[in-house]
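Here is a short briefing on one structure. The points are grouped by topic for quick reading.

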Amino acid sequence: MRNLGMLPAKSLGQNFLTDDALLQSIAAAARLQPGDRVLEIGPGKGSLTQQLLQAGASVLAVEKDARLVKQLQSSYGQRADFRVIEEDFLTLDLSQASQLHPAKAHGRLIAAGNLPYYITTETIKKLLPWGHTFSALHFVIQDDAAKRLVSPDASEVRAINVEIDFYSEPKYLFKIDKARFSPEPTVDGALVHFELRQPSEYLLTEGRTSFMKLVQHAYLQRRKMLRKSLESLYSRAQLDKAQERLGSKCSLAARPQELSMAHLVHIFTVLQEAKHSTFMSDQS
Ligand SMILES: C[S@@+](CC[C@H](N)C(=O)[O-])C[C@H]1O[C@@H](n2cnc3c(N)ncnc32)[C@H](O)[C@@H]1O
């Protein structure tokens, strides 16, 4: 940006990567095949974009900073395999991602980018349920966030970790020293990869929004018994009914971190049945 007489915008998380060898390894780790499509979030000056294009992918880039959009247009705007739109990724309608993409080919669609740190969690949460459209997420994020999201210590597990494991197989690929960014941020970065599950692989075919709500409630009060945390979502009668049906392994007396994903899903299913049957008996 300095070469254009512009200062990086701190508020937009503008810490750029300039080392071609590093950018090449980031692109290579995505294992792109010619014909694959990338939705790049926060392309900045286009340094990662260049490597993605070189790997044979076509790129739809979403950039919030109008100054950078202009720069990207003049660098890559002539290419048939590149398109940039000026937009906040958080408000982008993902159902349009395929239509807006310069390539209508049928390769994999991957979301990638050196993410501005302030939208990391929201970006990942937004994309996780899109396994029907996206194959994988491939992001540079802050190193501490990468560890918390991909391999948290038992005491650090939060609702977002359950959501990540439900929708994807996460991997921490490698650390990126903060000195490799310009301007240098206060913390190191890391490359993470989330291979998204196809909807046919989900442990629940319906009710996923309600399941995630249950998980949120359970982890908001992670030291409390599940039964206590779920009192605002289910009536006492529904909780009693569900407890009767659950085996001792899946008791509502457990704390969320004591339960596997399969147990949580089982508890949710039994609770939904209890909700439905108390609703039906109220109607009759
Ligand atoms: C960490 S920089 C990465 C730039 C470039 N990819 C690189 O590696 O050098 C983050 C980029 O995201 C852009 N950005 C910030 N917030 C955004 C948002 N909500 N939606 C889209 N782009 C955003 C910034 O303007 C910046 O270009």
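**Ligand contacts**

A backbone N or O atom of F89 sits 2.9 Å from a nitrogen atom of the ligand. The model is a predicted one. The points below cover the ligand, the annotated site, one helix residue and the nonpolar cores.

**Around the ligand**

- The ligand has 24 residues around it, and Q14, G42, E63, D88 and Y118 come nearest.
- The side chain of Q14 places an N or O atom 2.8 Å from an oxygen atom of the ligand.
- G44 uses its backbone: an N or O atom there is 3.4 Å from an oxygen atom of the ligand.

**Annotated binding site**

- An unreviewed UniProt entry gives the feature "binding site" at N15, L17, G42, E63, D88 and N114.
- Of these residues, N15, L17, G42, E63, D88 and N114 are included in the lining of the largest pocket.
- N15 is found in the segment before β1, a strand that spans 16-17.
- Beyond residues up to four places away in sequence, N15 touches N114, F181, S182, P183, E184 and P185.
- L17 belongs to strand β1.
- L17 has a relative accessible area of 4%, so it counts as buried.
- Outside its neighbours within four places in sequence, L17 contacts L22, L23, I26, S47, N114, I176, R180 and F181.
- N114 and F181 appear in the contacts of N15 and also in those of L17.

**D143 in helix α6**

- Helix α6 covers residues 143-150 and contains D143.
- D143 is buried because its relative accessibility is 7%, under the 20% cut-off.
- Leaving out residues up to four places away in sequence, D143 touches Y172, K175, D188, G189 and A190.

**Nonpolar cores**

- The largest nonpolar core holds 63 residues; L127, F134, F139, F166, F211, L214 and L271 touch the most other members.
- Helix α11, residues 261-283, supplies the largest share of this core, with 8 residues.
- Another core lies apart from it and has 26 residues, including V38, A61, Y76 and F181.
- F139 contacts I41, A111, A112, G113, L115, T123, I124, L127, A190, L191 and V192, leaving aside its neighbours within four places in sequence.
- A190 is thus listed among the contacts of F139 and among those of D143.
- F181 is a member of the 26-residue core and is in contact with L17.

Key: Residues are numbered from 1 along each chain as its sequence is written. This is a predicted model: local features need pLDDT of at least 70, side-chain atom pairs count only at pLDDT 80 or more; totals for chains, interfaces and linings use all residues. Side-chain values use heavy atoms; hydrogens and water are left out. A nonpolar core is a set of buried Ala, Val, Leu, Ile, Met, Phe, Trp, Tyr and Cys residues joined through side-chain atoms within 4.5 Å. Buried means under 20% relative accessible area, exposed over 50%, partly exposed in between (1.4 Å probe, protein chains only). Helices (H or I, at least four residues) and strands (E, at least two) are DSSP runs, numbered from the N terminus. Contact means heavy atoms within 4.5 Å. UniProt positions are given in the numbering used here, feature names are shortened, and annotations may be inferred rather than shown by experiment. On a 1 Å grid over the protein atoms alone, a cavity is a set of points where a 1.4 Å probe fits but cannot get out, and a pocket is an open set with protein on both sides within 12 Å along at least five of seven lines; lining residues have an atom within 4 Å of a point. A residue is near a molecule or strand if one of its heavy atoms lies within 4 Å of it. A polar contact is a pair of N or O atoms within 3.5 Å; within protein, one must be able to donate a hydrogen and the other to accept it, and residues adjacent in sequence count only if both atoms are side-chain atoms.
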